[in-house]
Amino acid sequence: MRKARLEKNMTHRELSDATGLSVTAISNLERDRFKPTMPNLRKLSTVLGVPISYLGCFETLPENTLGERIRKARLYHGYSKKEFAEIIGVDVKSIQSWEKDLRIPIDEYLSKIREYFVILDRPFQ
């Protein structure tokens with residue numbers, strides 16, 4: 001995040017003003033003291049002009065199982081479990097069980113989810 005902020009020639013204060021996050025929060029995020037929420041990642045991504053995946057470092061997440069692919073695709077798109085559940089048309093518990101590989105989505109939901117896998121096949125930006 002720091003690299004993206006500096007490439008935009010922004011100070012902590014300017015990024016704070018543009019995103020609504022506190023200067024302290026921005027400093028802590030840059031130092032990896034805590035992880036941003038999805039809504040905050042989306043704000044930062046928009047202001048800094050970089051993909052959410054760049055800020056979230058999601059490229060290192062495994063994608064060996066269907067559940068891991070679902071989680072990684074959801075994060076690359078910048079959705080919380082709740083948001084993704086609403087998009088797919090299921091409850092949050094379904095998303096949780098799929099991502100933990102406890103259950104496999106039925107075909108109706110799997111076809112919706114597959115649309116989100118496309119982002120995993122693109123080269124990292």
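The legends below describe close-up views of a predicted model.

**Figure 1. Overall architecture of the predicted chain, which has nine helices and zero strands.** Read along the sequence, the elements follow the pattern α-α-α-α-α-α-α-α-α. The C-alpha trace spans about 50 × 30 × 20 Å along its principal axes. The chain has 125 residues, and 40% of them count as buried. When contacts between residues at least 6 apart in sequence are considered, 50% join residues at least 24 apart.

**Figure 2. Helix α3 (23–30) and its surroundings.** Six of the eight residues of α3 are buried, so this helix is largely enclosed by the rest of the structure. The buried residues are A25, I26, S27, N28, L29 and E30. Their cover includes α1 (2–7), α2 (12–19) and α4. Just after α3, D32 takes a positive phi of about 60°.

**Figure 3. Close-up of L29, a residue of helix α3.** L29 has a relative accessibility of 8% and therefore counts as buried, the cut-off being under 20%. With residues up to four places away in sequence not counted, L29 touches M1, L21, F34, K35, P36 and L44. For L29 and Y109, which lie 80 residues apart along the chain, the C-alpha atoms are separated by 34 Å.

**Figure 4. The largest pocket, with a volume of about 530 Å³.** Its lining consists of 20 residues. Those nearest the centre of the pocket are K35, P36, L55, G56 and F58. Helices α3 (23–30), α4 (38–48), α5 (52–56) and α6 (66–76) each supply at least two residues of this lining. By residue class, the lining divides into twelve nonpolar, three polar and five charged residues. K35 and P36, named here beside the pocket centre, are also among the residues that L29 touches.

**Figure 5. Packing of helix α7 (residues 81–88) against helix α8 (residues 92–99).** Two packed helices are described by the angle between their axes and the distance between the axes. For α7 and α8 the angle is about 105° and the axes are 8 Å apart. That angle makes α7 roughly perpendicular to α8, because values of 65 to 115 degrees fall in this class. On the α7 side the contact is made by K81, K82, F84, A85 and I88, and on the α8 side by V92, I95, Q96, W98 and E99. These residues divide into six nonpolar, one polar and three charged.

**Figure 6. Crossing of helices α6 and α8, whose axes come within 7 Å.** The two axes cross at roughly 125°. Helices α6 and α8 are therefore oblique to each other. In this contact, G67, E68, I70, R71 and R74 of α6 meet I95, W98 and E99 of α8. The contact residues divide into three nonpolar, one polar and four charged.

**Figure 7. Close-up of R74 in helix α6.** R74 is buried, with a relative accessible area of 5%. Leaving aside neighbours within four places in sequence, R74 is in contact with Y79, S80, K81, F84, I95 and E99. Of these partners, K81 and F84 belong to the α7 side of the contact between α7 and α8, while I95 and E99 belong to the α8 side.

**Figure 8. Buried residues of helix α8 and the residue D101 that follows the helix.** In α8, the buried residues are S94, I95, S97, W98 and E99. They pack against α6, α7 and α9 (107–117). D101 is found in the loop between α8 and α9. The relative accessible area of D101 is 39%, so this residue is partly exposed. Phi of D101 is near 60°, a positive value in a residue other than glycine.

**Figure 9. Close-up of N9, in the loop between α1 and α2.** Most residues other than glycine have a negative phi. N9 is not a glycine, yet its phi is positive, at about 55°. With a relative accessibility of 68%, N9 counts as exposed.

Note on methods
Residues are numbered from 1 along each chain as its sequence is written. This is a predicted model: local features need pLDDT of at least 70, side-chain atom pairs count only at pLDDT 80 or more; totals for chains, interfaces and linings use all residues. Side-chain values use heavy atoms; hydrogens and water are left out. Axes are lines fitted to C-alpha atoms, for helices over the stretch in contact, and angles run from 0 to 180 degrees between N-to-C directions. Helices (H or I, at least four residues) and strands (E, at least two) are DSSP runs, numbered from the N terminus. Angles under 35 degrees count as roughly parallel, over 145 as roughly antiparallel, 65 to 115 as roughly perpendicular and the rest as oblique. Contact means heavy atoms within 4.5 Å. Ala, Val, Leu, Ile, Met, Phe, Trp, Tyr, Cys and Pro count as nonpolar, Asp, Glu, Lys and Arg as charged, and the others, Gly among them, as polar. On a 1 Å grid over the protein atoms alone, a cavity is a set of points where a 1.4 Å probe fits but cannot get out, and a pocket is an open set with protein on both sides within 12 Å along at least five of seven lines; lining residues have an atom within 4 Å of a point. Grid points are joined across faces, edges and corners, and a volume is the space filled by probe spheres set on the points. Buried means under 20% relative accessible area, exposed over 50%, partly exposed in between (1.4 Å probe, protein chains only).
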